[in-house]
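Morning, everyone. I have one model to walk through today. Let me put it on the screen.

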Amino acid sequence: MKHICQLFIVFLSVIGINTPLHSQTKAEKQGWRLSIQSYSFHRFNLPEALDKTRELGIQYIEIYPGHRLGGKWGDQVFGYQMDEQTRKEIKDLATSKGIQIVGTGVFMTDQPEEWEQMFRFAQSMGMEFITCEPAVKDWDLVESLAKTYQIKVSVHNHPQPSDYWKPELLLQQVSNRSLLIGSCSDVGHWKREGLNQIDCLRKLEGRIISLHFKDIAKKQPGEAEQHDVIWGQGILNVKQMLQELKRQQFKGVFSIEYEHNWDHSVPDIRKCLDYFEQVCEEIL
C-alpha cells in the first residue's frame, strides 16, 4: 500500500510538471500581446496604474515619460532621470504584480544628447521598444543607437503638425533604415486626421512594431475631438483592423490607450478586452 501511495505521488508530480500553467489564447499564439499604455491611467500614480493593469489581467505596460511615481517616490516621474535604485524598485514592483514594462513613450526631444540617455534607460529597464517622434535631423543618431542597444524605435503619429502624421511621411524617413525602426500605429489619430486607418496599416506593412489601439466615436457637431469608446462600438472597425494585421502576419504589442471616462475606465477597458477576445476567436 505504501508503495502504491508513493507511485501515486510521483504520478501527480509528473502531471504537475508537464501541465502548462497558462493556456495560450489565440491572440497569443498569433504573436499578439495586449499592453496598457499607462496614459490611460494618468490621473493615478504608477503603482495604482500597475494595480489596474493587473486587475485587468494584462501582463504588459508601456509607461509614458512623466507618469508620476507616487508612493514612497512622491512626485518623481518615470523617465531616464530616475536613478539606478529607483529604476530597480519600479521594475521589481511591476514584476511582483506579474507585469513587464515593455516600452515607454511617447518620447520627444530636440536635444540629441538625450537620445543615448533614453536608450540606456530602456536597456536598464529591459524594454523592447521606445515609442517616440524623433526630430528629422536626428535619424542617423537614432538608428545608430537602435542598432547599438538592439532596442526598437516605434514611431508614433500625433496629429498635424507632427512630422509623422501620415504613413508616407514616416516611410520617407525610415524605408531605407534598419528594421528595428517602424511604426507605433495610433489608429485613432489617423481617423481624426481624415485618413482611412485600414489603408494606413496596409501602407506600413512590414514596418509596424506596435500600436496605440483604440476605437473612437463618430464626430459630433461642436465636439473638439472624437473620444475613445469601447472597442466595437465606434467607427474604426476593430475587426477589419485585426484582419488586416493577421494578413500581414504582424507580431507585436497592442497598447490599449483608452482616453475617456478617465476616473472609472477599468470596466470599459474590460469590455474592450472581451470584444478583442471575441473577434480573435472568429478570425484566428
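Start with the pairing of E6 and E7. The two strands run parallel, joined over four bridges. Keep in mind that this is a predicted model. One position to pick out is cysteine 184, which stands opposite serine 210 in E7.

Now the other neighbour. Strand E5, residues 152–156, is joined to E6 by four bridges, and this pair is parallel too. How does the chain cross from E5 to E6? It goes through helix H7, residues 167–174, and the β-α-β crossover is right-handed. At the residue level, valine 155 has serine 183 as its bridge partner in E6.

So what about E6 itself: is strand E6 enclosed or open? E6 covers residues 181–186, and six of the six are buried. The strand is therefore largely enclosed by the rest of the structure.

Next, serine 210. This residue lies in strand E7, which spans residues 208–213. Buried or exposed? Serine 210 has a relative accessibility of 0%, so it counts as buried, the cut-off being under 20%. Which side chain does serine 210 meet in a polar contact? The side chain of serine 154, at 2.7 Å. Set aside the neighbours within four places in sequence, and the contacts of serine 210 are Phe129, Ser154, Ser183, Cys184, Ser185, Phe250 and Val253. Look at Ser183 in that list. Serine 183 is also the partner of valine 155 that I showed a moment ago.

On to empty space. A general word on the approach: a probe the size of a water molecule is rolled over the atoms, and that shows where space is left. How many cavities of 30 Å³ or more turn up in the whole structure? The search finds one. The largest cavity holds about 40 Å³. Its lining includes Val155 and Ser183, the bridged pair from E5 and E6. Leu170 is in the lining as well, and helix H7 runs over residues 167–174. The other lining residues are Asn157, Tyr164, Lys166, Pro167, Trp190 and Leu204.

Last stop, glycine 71. Find it in the loop between strand E2, 60–63, and helix H4, 84–96. Is glycine 71 buried or exposed? Its relative accessible area is 60%, so glycine 71 is exposed, the cut-off being over 50%. Now bring up glutamate 48. Glycine 71 and glutamate 48 sit 23 residues apart in sequence, and their C-alpha atoms are 9.3 Å apart in space.

That's the tour. Over to you.

Conventions. Residues numbered from 1 in each chain as written. Predicted model: local features only at pLDDT ≥ 70, side-chain atom pairs only at ≥ 80, totals over all residues. Heavy atoms only, no water. Buried < 20%, exposed > 50% of the residue type's maximum accessible area, 1.4 Å probe, protein only. Polar contact = N/O pair within 3.5 Å; in protein donor to acceptor, adjacent residues only side chain to side chain. Contact = heavy atoms within 4.5 Å. Pairing = 2+ DSSP bridges. Right-handed = clockwise from strand over helix to strand, strands pointing away. 1 Å grid on protein atoms, 1.4 Å probe; cavity = no way out; pocket = protein on both sides within 12 Å on 5 of 7 lines; lining within 4 Å. Points joined across faces, edges and corners; volume = space filled by probe spheres on them.
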